[in-house]
Amino acid sequence: MRERIKVLFLSPEAVPFAKTGGLADVAGSLPQALNRLDLDIRLVLPLYTMVRHSKIKMHLLFNDVKVPLGGTLLSVRVWEAQTPGEVPVYFIEREDMFDRPHLYGTALGDYHDNLERFTVYSHGALRIAEELSFTPDVIHCNDWQSGLVPALLAGPYSTSPFVGKARTIFTIHNLGYQGIFPAEKLYLTGLTRETCFHPEGLEFWGKISLLKAGIVYADSITTVSSTYAKEIQTDNYGMGMEGILHHRRSSLTGILNGADYHVWNPADDSNLAVPYSLKKIAGKRRCKEALIKEMHLDRSLTTQPLLAMISRLDTQKGLDLLIKILDDILSLNAGLVILGTGEASIQEALKTTAINNPGRVALTVGFDEPLAHRIIAGADMLLIPSRYEPCGLTQMYALKYGTIPVVRATGGLDDTITPFNPQTGKGNGFKFTAYTPKALLRTLQKAIELFHTTGAWRKLRTNGMKEDFSWDRSAHSYLELYNTTMGKT
Ligand code: ADP
């Protein structure tokens, strides 16, 4: 009998335990989809405050696992739980490091000891495998927080009887977060200057980059869409990593993320005022009315286009374009609902806009998952004018909820959205290319015009609701990649 492929999956966040963005959705869904393909896959997460205080059932697996940090050995506890899809999850408990209100930092900046925190997390994951005598075929690392792991496997763990032979995959979910730390802290990681602190290693302009460590030392690198895989090898999108990414291009592939339709399905979504589907589409109007009421917007908007954005408030997301054309949009009788949290300056600019346009613009600052569902269901269009977007998930959710995505042609947005052509009836959204307010406005004008053309709008909405971006296809691509990576010598 063929042995099951064993995978240790590292992500600093995963639904339903801890989430700041799309990575959590991916790490929540992909291991479960791979589990359904009969892989023995296990997830490792830090034990954050929100996990500790949640009602998740877990038991103590190890009371005292020793993890190196610099010259000392720290003791961590390890708890075990299961995801809803029965993937084992190991939580690394270290109160002084992970028992904090946020995952990586506050609005004022990153936590000062993130290198220490994610060094302990990275070593901790490898040490758990050793303690369990688990011999993974593949260790799948995600983003800078586990970028150290491929370097550790090339160095201090290369002779470990448990993890030493594992192949590594490093997935880049966002090149904008590079895990940069002062060179003086290298000794904390367990790596030496001689072996890795140089431009062909994890040095990045005189500093440590844990993202670069992942890119340089992993056996295979993936990112979350084919277009982003190409974009990041260019000056415009490479954020200084384009050279090394181009150098490693034969090991770099793009695998599009999927949508978890167990979580994002309007026919079975307890967050909504009324569930709905393509066959029972009337519920969507009821959801729109409920959202207008909840957000204290003008009742007149029930027959006018209601636009929405659900996003981290980050310069990446293109909110500057939106702010510049807001008056023009409102003059087209549209309304706008925004849910987001992030940079203080963007938050302030949006607050001013909302205060100046009561009844037409509603802003909710915060992270609110149920509200995100109600907005996606209640809005007519979802705006995603990103400067860059590795994959983007909200456009996939919007499609399933019959909410039309208006996106910039970049990364995964480009790979998932095809402009609607009223002549052929083909397409699932609206798309523009130039990163300018004018290009966004022109596209929105077209979208709003189509909104008032009932038959065409219905066709467009139907096309979107019929799309299938479920995880299963992507999980097969990862399985294929695991197999080829395991064959690498
Ligand atoms: P990114 O990972 O860059 O933040 P994605 O589109 O890949 O962008 O994923 C964002 C995820 O986070 C989606 O599930 C989206 O619904 C969710 N999200 C973003 N901001 C908020 C918020 N303020 N409240 C609730 N959910 C949010």
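**Notebook: overall fold, helix 4 and K284**

I began with the contacts of this predicted model. Among contacts between residues at least 6 apart in sequence, I found that 71% join residues at least 24 apart.

*Overall fold.* I counted 19 helices and 20 strands in the protein. I then compared the radius of gyration, 23 Å, with the 23 Å that the globule rule gives for 489 residues; the two are close, so the protein is as compact as a globular protein of that length. I noted that the C-alpha trace spans about 65 × 45 × 40 Å along its principal axes. Of the 489 residues, 60% are buried.

*Helix 4.* I next checked the length of helix 4, residues 114-132. With 19 residues at 1.5 Å a residue, a span of 27 Å is expected, and I recorded that the end C-alpha atoms are 27 Å apart, which agrees. I found this helix mostly covered, with 17 of its 19 residues buried. S133 follows helix 4, and I noted its positive phi, near 55°.

*K284.* I located K284 in helix 11, which covers residues 282-294. What is the nearest side chain of opposite charge to K284, and how far away is it? I identified D380, at 5.7 Å. A salt bridge would require a distance within 4 Å, and K284 has none although it is buried. I did find that the K284 side chain reaches the backbone oxygen of A377 at 2.6 Å. Setting aside neighbours within four places in sequence, I listed the residues in contact with K284, which include I376, A377, G378 and A379. Y276, Y401, G402, T403 and R461 are also in contact with K284.

Technical notes. Residues numbered from 1 in each chain as written. Predicted model: local features only at pLDDT ≥ 70, side-chain atom pairs only at ≥ 80, totals over all residues. Heavy atoms only, no water. Helix = DSSP H or I, 4+ residues; strand = E, 2+ residues; numbered from the N terminus. Buried < 20%, exposed > 50% of the residue type's maximum accessible area, 1.4 Å probe, protein only. Lys, Arg positive; Asp, Glu negative; His and termini not counted. Polar contact = N/O pair within 3.5 Å; in protein donor to acceptor, adjacent residues only side chain to side chain. Contact = heavy atoms within 4.5 Å. Expected span 1.5 Å × (residues − 1). Rg over C-alpha atoms; globule rule 2.2 N^0.38 Å.
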